[in-house]
Amino acid sequence: WGRGNGFPALGLDFVLEDWPRDDARRKELVAWQQSHLVVLRSKQEIDGSWRQVIDDPRSYREFTATAMIGYALFRGVQRGDLPREEFEPAAKRAWEAIKVRIGSKGVLFDVCTGTGKQKTLRDYFDRPAILGVDARGGAMAFLLTSAVVDYEAARR
C-alpha cells in the first residue's frame with residue numbers, strides 16, 4: 001500500500017530531523033530508514049512514482065505516496081543519513097513524477113482517496129484515484145516542494 005509505506009518514511013524522517021546526532025540510538029533509526037528506503041527504491045517506477053499497491057504493476061501510480069517517499073529521500077540525503085550517490089537519483093525521479101502530475105489551478109492526478117488498512121488486496125485496487133483538487137495531495141506536494149527547494153539551496 002503506497003501511503004502505508006509513505007507515512008512511515010515521512011514520520012521516521014521527521015523524527016530524525018530533530019533526533020540528537022550524538023544519541024547512540026540515532027544510528028539504529030538511520031539504519032531502519034535506510035533499509036526501508038532501499039526496498040522502496042527498488043519498487044520505484046521508471047517515471048519516478050510509486051504505486052497504490054507498491055509491488056503490483058496493475059495498480060495506479062499514486063501521487064501522495066510518491067511525494068512522501070520523495071520527501072524522505074531528499075531530506076535523508078541532505079542530512080547525510082542516506083548516501084547521496086545511492087538515493088539522490090530516486091529522489092530526483094520522484095520530484096519529476098510529481099511535477100508532471102500537477103495541473104493548472106491545483107488539479108492533481110491520481111491521489112488515492114482517504115483509506116485505512118483494507119481487508120483484501122482487491123479493496124486497495126478499488127480505492128478511487130482523485131483527478132482534481134485535493135487538500136491531502138496538495139499538502140504532500142507542498143511538503144515535497146519545500147524539501148526540493150531546501151535541497152537545491154544547500155547544494156549551491
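How many salt bridges does the structure hold? The count is 17. The model is predicted.

**Salt bridges**

Asp13 and Arg79 are one such pair, with N and O 2.9 Å apart. Arg79 sits in helix H3 and Asp13 in helix H1, so this bridge ties together parts that are 66 residues apart in sequence. Asp13 is buried, at 0% relative accessible area. Arg79 is buried too, at 14%.

Arg79 also bridges to Asp81, where the closest N and O atoms are 2.7 Å apart. Asp81 has a relative accessible area of 5%, so it counts as buried. Salt bridges with shared partners build one network from Asp13, Glu17, Arg21, Arg26, Arg75, Arg79, Asp81 and Asp150.

Arg26 belongs to that network. It lies in helix H2, residues 26–42. Is Arg26 buried or exposed? It is buried, with a relative accessible area of 5%. Beyond its neighbours within four places in sequence, Arg26 contacts Leu16, Trp19, Pro20, Arg21, Arg79 and Asp81.

Glu86 and Arg41 form another bridge, at 3.9 Å from N to O. Glu86 is in helix H4 and Arg41 in helix H2, so the pair joins parts 45 residues apart in sequence. Glu86 is partly exposed at 38% relative accessibility. Arg41 is partly exposed at 24%. Arg41 has a further partner: it lies over the face of Phe87, 4.6 Å from the ring centre.

The three bridges described above are set out here.

| Salt bridge | N to O distance |
|---|---|
| Arg79 and Asp13 | 2.9 Å |
| Glu86 and Arg41 | 3.9 Å |
| Asp81 and Arg79 | 2.7 Å |

**Aromatic pairs**

A search of the whole structure gives two aromatic pairs. Phe14 and Tyr71 meet edge-to-face, with centres 5.8 Å apart and planes at 75°. This pair links distant parts of the chain: Phe14 is in helix H1 (residues 2–18), Tyr71 is in helix H3 (residues 63–79), and 57 residues separate them. Phe14 is partly exposed at 39% relative accessibility. Tyr71 is buried at 9%.

Phe74 and Tyr151 also pair edge-to-face, at 5.1 Å centre to centre and 70° between the planes. Phe74 lies in helix H3 and Tyr151 in helix H6 (residues 135–155), so the contact ties together parts 77 residues apart in sequence. Phe74 is buried, with a relative accessible area of 3%. Tyr151 is buried at 4% relative accessibility.

**Loops and surface**

Gln44 is in the loop between H2 and strand E1 (50–51). Why does Gln44 count as buried? Its relative accessibility is 11%, and buried means under 20%. Not counting residues up to four places away in sequence, Gln44 touches Ser49, Trp50, Ala90, Arg93 and Ala94. Its C-alpha is 9.9 Å from that of Ile69, which is 25 residues away in sequence.

Lys105 lies in the loop between H4 and E3. Its phi is near 60°, a positive value in a residue other than glycine. Most residues other than glycine have a negative phi. Lys105 is exposed, at 80% relative accessibility.

Val107 is in the loop between helix H4 (84–99) and strand E3 (108–112). It counts as partly exposed, at 30% relative accessibility. Val107, Phe109, Leu131 and Val133 make a nonpolar surface patch of about 390 Å².

Methods: Residues are numbered from 1 along each chain as its sequence is written. This is a predicted model: local features need pLDDT of at least 70, side-chain atom pairs count only at pLDDT 80 or more; totals for chains, interfaces and linings use all residues. Side-chain values use heavy atoms; hydrogens and water are left out. Helices (H or I, at least four residues) and strands (E, at least two) are DSSP runs, numbered from the N terminus. Buried means under 20% relative accessible area, exposed over 50%, partly exposed in between (1.4 Å probe, protein chains only). Contact means heavy atoms within 4.5 Å. Patches are made of residues with over 30% relative accessible area and no salt bridge: like charges are joined within 9 Å, nonpolar side chains (Val, Leu, Ile, Met, Phe, Trp, Tyr) within 5 Å. Accessible areas come from the Shrake-Rupley method with a 1.4 Å probe; for residues, only the protein chains shown count as cover. A salt bridge is a side-chain nitrogen of Lys or Arg within 4 Å of a carboxyl oxygen of Asp or Glu. Rings of Phe, Tyr and Trp (its six-membered ring) pair if their centres lie within 6.5 Å; planes under 30 degrees apart count as stacked, over 60 as edge-to-face and the rest as tilted. A charge sits over a ring if NZ of Lys or CZ of Arg is within 6 Å of the ring centre and within 35 degrees of the ring normal.
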